[in-house]
Amino acid sequence: MAEMKKYRAGRMIMGRLEYGADLLEEITEICRKEDIRMGRVEAIGAVSGARLGFYNQDTHEYQFFTIDQPLEILSLAGNVSIKDGESMVHAHVVLGDKEGKAFGGHLAAGTTVFACECIVEVLEGPTLERAIDEKTRLPLWKI
Ligand code: ZN
């Protein structure tokens, strides 16, 4: 059975990320500066290169890969919650190349912003904290 909590939409912040910044680190920094503990993230734009992860369900480890070329951020969707007492951004991206072919995965540090328009929506309600889940060994929400 799914375990769900209820939230109300709070304030939204919207802006442009800095050229050359690390995409994941920049969004995380914004959330920490704004003291956003629960939220929703979305972004579009472009990156000059990407580093993404795929969670291997057999070995229980992320396999990271890099794509060393300019790509469009077709979609970035993510959330903000708490891990180890701090705001943590968990985001997935779909990136497109010059032929419109898509790559995707778990956004990792090492993805470089070329241009990015980002929205963070604050969610008001119970704080969710991440802890290692026994079955998946992923840091999932303790509900
Ligand atoms: Zn993920």
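**Exercise 1. List the residues that L107 touches in this predicted model, leaving out residues up to four places away in sequence.**

Solution.
- Start at L107 and skip its sequence neighbours, up to four places away.
- The contacts that remain are L23, L24, R51, L52, L76, A91, H92 and V93.
- Now place L107 in the core. The largest nonpolar core has 28 residues.
- L107 is one of those with the most contacts inside this core, along with L23, I27, V41, L76, V89 and L95.
- Two or more core residues come from each of β1 (8-17), α1, β2, β4 (71-83), β5 (86-96) and β7 (112-124).
- A general tendency fits here: in soluble globular proteins, nonpolar side chains tend to be buried together.

**Exercise 2. Find the protein donors of the zinc ion, and decide whether H90 and H92 are buried, partly exposed or exposed.**

Solution.
- The donors are H90 through NE2, H92 through NE2 and H106 through ND1.
- They lie 2.0 to 2.1 Å from the zinc ion.
- Along the sequence, their spacing reads H-x1-H-x13-H.
- Next, accessibility. Buried means under 20%, and exposed means over 50%.
- H90 has 22% relative accessibility, so H90 is partly exposed.
- H92 has 42%, so H92 is partly exposed too.
- H92 also appears among the contacts of L107.

**Exercise 3. Determine how many disulfides the model has, and check C31 and C118.**

Solution.
- The cut-off is a sulfur pair within 2.5 Å.
- For C31, the nearest cysteine sulfur is that of C118, 7.5 Å away. C31 is in no disulfide.
- For C118, the closest cysteine sulfur is in C116, at 5.5 Å, which is too far for a bond.
- The count for the model is 0 disulfides.
- Both cysteines checked here are buried: C31 has a relative accessible area of 0%, and C118 has 5%.

**Exercise 4. Describe the largest pocket: its volume, its lining and the elements that supply the lining.**

Solution.
- The space in the largest pocket is about 510 Å³.
- Its lining has 22 residues.
- Nearest the centre lie H90, R130, L138, P139 and L140.
- H90 is also a donor of the zinc ion.
- At least two lining residues come from each of α1, β2, β4, β5, β6 (102-107) and β9 (139-142).

**Exercise 5. Locate D35, classify D35 as buried or exposed, and give its separation from R137.**

Solution.
- D35 sits in the loop between α1 (23-33) and β2 (39-56).
- Its relative accessible area is 56%, so D35 is exposed.
- In sequence, D35 and R137 are 102 residues apart.
- In space, their C-alpha atoms are 28 Å apart.

Key: Residues are numbered from 1 along each chain as its sequence is written. This is a predicted model: local features need pLDDT of at least 70, side-chain atom pairs count only at pLDDT 80 or more; totals for chains, interfaces and linings use all residues. Side-chain values use heavy atoms; hydrogens and water are left out. Helices (H or I, at least four residues) and strands (E, at least two) are DSSP runs, numbered from the N terminus. Buried means under 20% relative accessible area, exposed over 50%, partly exposed in between (1.4 Å probe, protein chains only). A nonpolar core is a set of buried Ala, Val, Leu, Ile, Met, Phe, Trp, Tyr and Cys residues joined through side-chain atoms within 4.5 Å. Contact means heavy atoms within 4.5 Å. Donors are N, O and S atoms within 2.8 Å of the metal (3.2 Å for Na, K and Ca); water is not among the atoms, so sites may look incomplete. On a 1 Å grid over the protein atoms alone, a cavity is a set of points where a 1.4 Å probe fits but cannot get out, and a pocket is an open set with protein on both sides within 12 Å along at least five of seven lines; lining residues have an atom within 4 Å of a point. Grid points are joined across faces, edges and corners, and a volume is the space filled by probe spheres set on the points.
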